Amino acid sequence: MVIEDVSGPGPARAGNVIVRPEAVGICGSDFHLFSGDVAALSGARDFYPRIQGHEVSAIVEDPGEANALKEGDRVAIWPLLPCGSCYPCRAGRPNVCPRFRLVGVHLDGGLQQRLEVPASTVFGVGDLDPDCAAFVEPASVAVHALTRADLKPGEQAVVFGAGPIGLATTLAASQAGARVTTVDPIPARRDLAKRLGAEHATWAPPEDLRTELEDWTNGDGPPLVVETSGETKTLPQAVDLVSPAGRVVVVGMSSGTAPLRPGAFPEKEIDVLGSSCAVAEDFRTAITLVKANRASLATLFSHHFPLTRAGEAFEFAMKRPPDAIKIVVTVN
Ligand SMILES: [Zn+2]
Ligand SMILES: [Zn+2]
């Protein structure tokens, strides 16, 4: 990663908005792009060179023709630009459009002082602070996963992983009235999960975890498991411990493989669902979720780097220091 001067956008072109990014969250999917592991990313084209940053809060500089926005508004960017004509787009699921482009992945993103984006990606966030506004994007991924899961109030859910997505899923599920157990090897992350609403936070070898979760659910096994860790071995584990008739939602991204026993599917009649990014409605729900929980979410922003040290921020984040949760690059 290099820091350099670029010409930047002029006045907003038709349908676009010019914003000044304020805070950009660094995310596990950024690591895949940064390190060249594009097989783990959706839509394999047009990756390099790239100005990264897809978890973006910003201030509107030029609203263009966007009537709902005015200069000075703080906004969050829903980074998805779908093709609009393929099967998933026609089916109302643009988040898995095979031709979609993501701001910060397939298009230049928030790690720059000025950014031109289509008005459809810009959502006002009122008085949210910049860090929390940048967290709306990962929160929307959690909201979408729980929409896929068809989460019911009172239901017992297991969330694998207490990184930002796992923690956001823990928060969103708890707020929706579910009882949550979050599974993560790092004690500090388990503490955060509890602070965000988890009833339990635990870590144990697979057999012990299975027993623990059976006890927690009076012998059934959890009806819902959400995998956010990206560890390939978690899916076989989730299929093993989910209750018959239950659901497993896979959010964590990975280019690895893991063996599954196909017989488990008819035997238990489980639903295994993928979840990717978010749709606009999830993004709106995420704004409400983040606004209502800004005080507890503030504990997630563990490290800040200025834009001039963005490369260093990535190198630091990719070492996955145990005390790092959400690493934020502050821009303007
Ligand atoms: Zn992300
Ligand atoms: Zn499409």
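In strand S3, Val75 is the bridge partner of Ala58. This pairing belongs to a predicted model, and the description below rests on that model throughout. Strand S2, residues 55-62, and S3 pair in the antiparallel sense over 3 bridges. S3 also pairs with S7, again in the antiparallel sense and over 3 bridges. In the latter pairing, Ile77 stands opposite Val122 of S7.

The aromatic rings were examined next. A pair of aromatic rings is described by the distance of the centres and the angle of the planes. The count of aromatic pairs comes to 6. Trp78 and Phe123 form one that is edge-to-face, with 6.2 Å from centre to centre and 90° between the planes. This pair links distant parts of the chain, since Trp78 lies in the loop between strand S3 (74-77) and strand S4 (80-81), while Phe123 lies in strand S7 (residues 122-124), 45 residues apart. Trp78 has a relative accessible area of 9% and is therefore buried. Phe123 is likewise buried, because its relative accessible area is 11%. An edge-to-face pair is also formed by Phe135 and Phe301, with 6.0 Å between the centres and 80° between the planes. Here too distant parts of the chain are linked: Phe135 belongs to helix H3 (residues 130-149) and Phe301 to strand S14 (residues 301-306), 166 residues apart. Phe135 and Phe301 are both buried.

Ring pairs further join Trp78, Phe123 and Phe283 into a cluster. Phe283 is one of the buried residues of helix H9, which also include Ala280, Asp282, Ala286, Ile287, Leu289 and Val290. The buried residues of H9 pack against S3, S7 and H3, as well as against helix H4 (164-175) and helix H10 (294-297). The length of H9 (residues 280-292) was compared with the expected value: at 1.5 Å a residue, its 13 residues should span 18 Å, and the end C-alpha atoms are 19 Å apart, which agrees.

Helix H4, against which buried residues of H9 pack, was considered in the same manner. Its 12 residues should span 16 Å at 1.5 Å a residue, and the end C-alpha atoms are 16 Å apart, in agreement with that expectation. Of these 12 residues, 11 are buried, so H4 is largely enclosed by the rest of the structure. The buried residues are Pro164, Ile165, Gly166, Leu167, Ala168, Thr169, Thr170, Leu171, Ala172, Ala173 and Ser174. After H4 comes Gly177, whose phi is positive, near 95°.

Within helix H4, Thr170 illustrates the surroundings of a buried position. Thr170 counts as buried because its relative accessibility is 0%. When neighbours within four places in sequence are left aside, Thr170 is in contact with Val159, Val180, Thr182, Ala193, Leu196 and Ala198. Of these contacts, Ala198 lies 28 residues from Thr170 along the chain, yet the C-alpha atoms of the two are separated by 6.2 Å.

The model also contains zinc sites. For the zinc ion designated ligand 1, the protein donors are Cys27 through SG, His54 through NE2 and Glu55 through OE, at 2.1 to 2.7 Å from the ion. The donor residues of this ion are spaced C-x26-H-E in sequence. His54 and Glu55 are both buried. Glu55 falls within strand S2 (residues 55-62), which pairs with S3.

For the zinc ion designated ligand 2, the protein donors are the SG atoms of Cys83, Cys86, Cys89 and Cys97, lying 2.2 to 2.4 Å from the ion. The sequence spacing of these donor residues is C-x2-C-x2-C-x7-C. The angles among the 4 donor atoms are 105 to 117°, and the site is tetrahedral. For comparison, the ideal angle at a metal with four tetrahedral donors is 109.5 degrees. Accessibility was assigned to two of the donor residues: Cys83, at 29% relative accessibility, counts as partly exposed, whereas Cys86 is buried, with a relative accessible area of 8%.

Methods:
Residues numbered from 1 in each chain as written. Chains lettered and ligands numbered in written order. Predicted model: local features only at pLDDT ≥ 70, side-chain atom pairs only at ≥ 80, totals over all residues. Heavy atoms only, no water. Phe/Tyr/Trp six-rings, centres within 6.5 Å; stacked < 30°, edge-to-face > 60°. Helix = DSSP H or I, 4+ residues; strand = E, 2+ residues; numbered from the N terminus. Buried < 20%, exposed > 50% of the residue type's maximum accessible area, 1.4 Å probe, protein only. Expected span 1.5 Å × (residues − 1). Contact = heavy atoms within 4.5 Å. Donors = N, O, S within 2.8 Å, 3.2 Å for Na, K, Ca; no water. Tetrahedral: all angles 85-135°; square planar, octahedral: opposite > 155°, others 65-115°. Pairing = 2+ DSSP bridges.
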